[in-house]
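Grab a pencil and work through these exercises with the model open beside you. Each task comes with a solution in small steps.

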Amino acid sequence: MSKIVAAAAIRGAQELHKQASDALNKAIKEKGPDTKIGFPETAFYLPMANALLGAQVETLKEALPILEHAKSLLPQVPSERVWLPYLGDALNAGMSALFSEEIIVALRYLNGQEPQKDCNGFFTDTIMRSLGIQLVDGRMPGFAAILGAAPDNQTAVKIIRELQERNILIFVGSQAKGRSIIDQLLEENVQMGWDNYIVPYGRDTISGIYPLNWAIRSALTFGGIKPGQAQRCLMYTKERVFAFGLVLGELDDIKYATGAGAINMGFPIIADSEIPEVKPSGITAYEALVKELDYKKIVPRCIEVRGVKVKVTKIDIPVAYAAAFEGERVRKEQLHVEFGGKAGLSFEYLTTKKLDEVQDGQTELIGPDIDQLEKDKKSMPLAIIIEVAGRKMQKDFEPILERQVHRFINYAMGLMHIGQRDMNWIRISNDAYNKGFRLKHLGVILHAMLHDEYNAIVDKVQVKIYTKLADVEKLLPQAKKAFDERDERLSGMTDESVDTFYSCTLCQSFAPNHVCMITPERLGLCGAYSWLDGKASYEITPTGPNQPVLKGELQDARLGQWKNINDFFYQKSNKHIEKVSMYSLMESPQSSCGCFECIAAIIPEANGIMIVHRDYAGMTPCGMSFTTLAGSVGGGVQTPGFLGIGKLYIVSKKFISAEGGLKRVVWMPQELKELLGEKLKKAAQEAGAPELAEQIADESKATTQEELINFLNKVKHPALDLPSLL
Ligand code: SF4
């Protein structure tokens, strides 16, 4: 490694250690050694120290040994005259820098100085889990951490758009010559936030620790690696977290030190300035530190150096198109036209036709386009009817394909799609309209994307778009009839009515030993895959992550164990899981990868279980928040008494039926109750406890065990009369 780079990284790490020590000593003096320290909503304490050293730092005094360790890693700055191999020393300095930076930002939290203005600050565990699916299914192929500022705002926006088009999650921050890319993007009105794949972390280099301690947590959360297994954690980030650093503007010692820390994690650094390059691979997959002075080439160079697998879908429409635009909102002041919602009648409906009835690629617009809006009007009626044909197309696939309309339309920049069926709401921005977007482009998108993602079952696609109220009203009853029939078909299916379940191993790219088994009455724990989705996915990609598994001989009807299913788990979990009960929380429950929608957890004193969903940030009666609970459930391991589940599994007849089913549920947040709504009431009725929805406590009734027991006794909750759980 270049002596210049090593010397700068070591100087930077020494400076960071001094800053951290001074700040920690000052805090201990002013606030006392037992003062709490930490980040919001994480079960991993100071994550870098937790993952790599196994440390559980909760107070100021517990941070002292971390800084001692950071000091022990600090080498001497290379002398002018003696030439040595510098790589090891520079990497040690990088590691030291990360420990110091983590303590500095934790102390800033203590002093109310983080998050910085317009910045996210620390990334919570909840966010990491909710992005899990996008990470594993390739929608989000990698992460970029940008430090500094581009030479001008236009270049900053261009780099960001190029990364967004490749669906790369972008963390922006730090600064160069007093200017931060965050402000460049704000000045250009670029929408930032998790939904837009652009997350500002902070305006100094030290806050660059946030993306890094987020990345290291994925090793603990999804990789099933124990805190303290430093080498395994670093191998995991190198092999499974496709991140890189992009430094815009001059590098200083602190940036070199932070960069050396990132290189330890397998993340290469690409800079736009004249720097000495470090090209040997090993710690990183390819080169460790490279320069690219041409802004036209800089994004492709980053992709190449990190080896990110990008799937770009080029669609012939006048606006940018990528998953990174999925969460973009079109606000009222940006609006050109809207359909559905409160603005009027709108629906979307996908149906199967015979091959000779579909002219592939044809989009028909029946009615006025969005450049013929009535004066002073900003809304129109809309019906989007998608007709598909294919030799392998089946009626059962229709809802699965139709559900993608939401995603496909949202990927277009300047378009917003919410809801589905006859409850959709679509907005088109002035910006998209001015760039030439018209209704026929909806057809172009749907045609291209259905072919791109579902070409194994879809041979032809044509789209009809109606914008006259009379047409929309006339066509709606036919669509509604189909929606009702579909609901019937899905709700009529039981685990007994099929001889095959579907596996899902999509999350193994992050949680190598985790397998989901999806049955008609139990969807995947992420909530994204039902049995029909598994079936469709298998038809589409027969060698993919969803495989049919014949149930075979029934071994235990109460627990829900079959011989073939157990054999499959054993084989696909790399021999880590011998048997799995499909219907039990207590005996050989399914493992959890980390991206579960909810966690079910036993409360022995109540003879029941509580369920918490990931959007609930408060305390639960088991004494833990969702985040803390999640820390002990994920990583592809079986944890009796705890289970990661999809929301809809709660209202299934097979929901922990081995333990008595829904009647065991004693607590769930109000919001979760509301989300389940009528389904929860119906399931309670079917379970023979029609009052159950009201008998289940929520945070307004109890947040401690004592309050919970009092409430359950008062309402005579049925769990109190069930056999003991233990
Ligand atoms: S079904 Fe399971 S394995 Fe598949 S994506 Fe969802 S959580 Fe991951």
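Let's warm up with burial: of the 726 residues of the protein chain, 59% count as buried, where buried means under 20% relative accessible area, exposed over 50% and partly exposed in between, using a 1.4 Å probe and protein chains only. Keep in mind that this is a predicted model, in which local features need pLDDT of at least 70 and side-chain atom pairs count only at pLDDT 80 or more, while totals for chains, interfaces and linings use all residues. Residues are numbered from 1 along each chain as its sequence is written, and side-chain values use heavy atoms, with hydrogens and water left out.

**Exercise 1. The overall build**

Task: Work out how many helices and strands the protein chain has, and how its radius of gyration fits the globule rule.

Solution.
- Step 1: Count the DSSP runs, taking helices as H or I with at least four residues and strands as E with at least two, numbered from the N terminus. You get 22 helices and 22 strands.
- Step 2: Take the radius of gyration over C-alpha atoms, and the globule rule as 2.2 Å times the number of residues to the power 0.38. The radius of gyration is 27 Å, close to the 27 Å that the rule gives for 726 residues, so the protein chain is as compact as a globular protein of that length.
- Step 3: Lay the C-alpha trace along its principal axes, and it spans about 85 × 65 × 45 Å.
- Step 4: Look at contacts (heavy atoms within 4.5 Å). Among those between residues at least 6 apart in sequence, 74% join residues at least 24 apart.

**Exercise 2. Into the core**

Task: Find which residues touch the most other members of the largest nonpolar core.

Solution.
- Step 1: Set the rule: a nonpolar core is a set of buried Ala, Val, Leu, Ile, Met, Phe, Trp, Tyr and Cys residues joined through side-chain atoms within 4.5 Å.
- Step 2: The largest such core has 183 residues, and Leu169 and Ile386 touch the most other members. Helix α4 (residues 87-110) gives the largest share of this core, twelve residues.
- Step 3: Zoom in on Leu169. Skipping residues up to four places away in sequence, Leu169 touches several partners, including Trp194, Tyr197, Val199 and Trp214.

**Exercise 3. A pocket and a cavity**

Task: Describe what lines the second largest pocket and what lines the largest cavity.

Solution.
- Step 1: Use a 1 Å grid over the protein atoms alone. A cavity is a set of points where a 1.4 Å probe fits but cannot get out; a pocket is an open set with protein on both sides within 12 Å along at least five of seven lines; lining residues have an atom within 4 Å of a point. Points are joined across faces, edges and corners, and a volume is the space filled by probe spheres set on the points.
- Step 2: The second largest pocket has a volume of about 430 Å³. Its lining has 24 residues, with Arg161, Asn189, Glu328, Met413 and Asp431 nearest the centre. α7 gives the most, four residues.
- Step 3: Sort by type: Ala, Val, Leu, Ile, Met, Phe, Trp, Tyr, Cys and Pro are nonpolar, Asp, Glu, Lys and Arg charged, and the others, Gly among them, polar. This pocket's lining has eight nonpolar, nine polar and seven charged residues.
- Step 4: Now the cavities: there are five of 30 Å³ or more, and the largest has a volume of about 220 Å³. Of its 21 lining residues, Ala145, Leu212, Phe244, Gly245 and Ala262 lie nearest the centre. That lining divides into 16 nonpolar, four polar and one charged.

**Exercise 4. Backbone oddities**

Task: Say where the cis peptide bond sits, and whether Lys177 is buried or exposed.

Solution.
- Step 1: Recall that most residues other than glycine have a negative phi, and most peptide bonds are trans.
- Step 2: The cis bond joins Glu114 and Pro115, with omega about -5 degrees. Pro115 is in the loop between α4 and α5 (125-130).
- Step 3: Lys177 has a positive phi of about 50 degrees and sits in the loop between β2 (169-173) and α8 (181-187). With a relative accessible area of 73%, Lys177 is exposed.
- Step 4: Arg421 also has a positive phi, near 45 degrees, but Arg421 is buried, at 17%.
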